[in-house]
Amino acid sequence: MKPEFFAHPFSSYCQKALIAFYENDVPFTYRMLEEPGVGAEFESLWPIKRFPILRENDQVVVEATSIIEYLQVRHPGPVRLIPDDPELALEARMLDRVFDNYVMTPQGKFVYDALRPADKRDPLGVDEARQMLDASYAWLDQRMADRTWAVGETFTLADCAAAPSLFYADWTYAIPERFAHLKAYRARLLQRPAFARAVDEARGFRHYFPLGAPDRD
């Protein structure tokens, strides 16, 4: 049986894992969480209810990073998202955490705050998230000055994390024009066929974005 992927196309973390499927043309069954009965089955497999998850036979893999690692072990292809060189692999895993923790997480703070009732919002938390994005954008812009992808010239796990992180972060709190290297990197990610496919599959759900999806990308 093909692996089953429980996910929603508009989710940043689901897109992160989808890139890995699409980069190596790994066949899978898409268990879309809005389809009848899928949500209940998903919850029975993972009561924390954070998606995506992957199920293959009797094994359930949670968290997008772990799914990408699993695919390389069980369904390897020509694109090695975890580099064979151990030092490059370490760097890819480090940058994966940077994008998840210091771009995706503060970006999500803006979104989740917008979804709260007005009297329950957290302006201090949003301001802290804004400061973290300012620092992350500056650091990443400097890093991307002399490289094509996050770990140099090879597309890796780190870029799977970067793509949806920067995609949604720029919608939420725009990357300043002065960070030309980072903006160019985001544009390259959007041109990568695997990520472009994930973005296209999610276009019909853009009305879910509480801050208003911009008329671009």
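## A walk from Ser12 through the pocket and cavities

Start by selecting Ser12: leaving aside neighbours within four places in sequence, Ser12 is in contact with Met104, Pro164 and Tyr168. Keep in mind that this is a predicted model. Color the helix around your selection and you'll see that Ser12 belongs to α1. Is Ser12 buried or exposed? It's buried: its relative accessible area is 14%, and buried means under 20%.

**Zoom out to the whole chain.** Switch to cartoon view and look for eight helices and four strands. Going from the N terminus, the order of elements is β-α-β-α-β-β-α-α-α-α-α-α. The radius of gyration is 17 Å, close to the 17 Å that the globule rule gives for 217 residues, so the chain is as compact as a globular protein of that length. Along the principal axes, the C-alpha atoms fill a box of roughly 50 × 45 × 30 Å. Of the 217 residues, 49% are buried. Turn on the surface and you're looking at about 10,700 Å² of exposed area, with carbon and sulfur atoms supplying 53% of it.

**Next, the largest pocket.** Its volume is about 880 Å³. Which residues are closest to its centre? Select Ser11, Ser12, Tyr13, Phe51 and Tyr112, out of 27 lining residues. So you're back at Ser12, where the tour began. Now show α1 (12-23), α3 (64-74) and α4 (86-115): each of these helices supplies at least two residues of the pocket lining. The largest share comes from α4, with 10 residues. Color the lining by class and you get 13 nonpolar, eight polar and six charged residues.

**Then go inside.** How many cavities of 30 Å³ or more are there? The count is two.

- The largest cavity has a volume of about 60 Å³. Select its lining residues, among them Ala20, Ile68, Leu71, Gln72 and His75. Helix α3 gives the most to this lining, with three residues. By class, the lining of the largest cavity splits into seven nonpolar, four polar and no charged residues.
- The second largest cavity comes in at about 30 Å³. For this one, select Phe10, Gln15, Phe167, Tyr168, Val199, Ala202, Arg203 and Arg206. That lining has five nonpolar residues, one polar and two charged.

**Last stop: Tyr168.** Leave Tyr168 selected and you can link two parts of the tour: Tyr168 lines the second largest cavity, and Tyr168 is also in contact with Ser12.

Conventions: Residues are numbered from 1 along each chain as its sequence is written. This is a predicted model: local features need pLDDT of at least 70, side-chain atom pairs count only at pLDDT 80 or more; totals for chains, interfaces and linings use all residues. Side-chain values use heavy atoms; hydrogens and water are left out. On a 1 Å grid over the protein atoms alone, a cavity is a set of points where a 1.4 Å probe fits but cannot get out, and a pocket is an open set with protein on both sides within 12 Å along at least five of seven lines; lining residues have an atom within 4 Å of a point. Grid points are joined across faces, edges and corners, and a volume is the space filled by probe spheres set on the points. Ala, Val, Leu, Ile, Met, Phe, Trp, Tyr, Cys and Pro count as nonpolar, Asp, Glu, Lys and Arg as charged, and the others, Gly among them, as polar. The radius of gyration is taken over C-alpha atoms; the globule rule is 2.2 Å times the number of residues to the power 0.38. Buried means under 20% relative accessible area, exposed over 50%, partly exposed in between (1.4 Å probe, protein chains only). Accessible areas come from the Shrake-Rupley method with a 1.4 Å probe; for residues, only the protein chains shown count as cover. Contact means heavy atoms within 4.5 Å.
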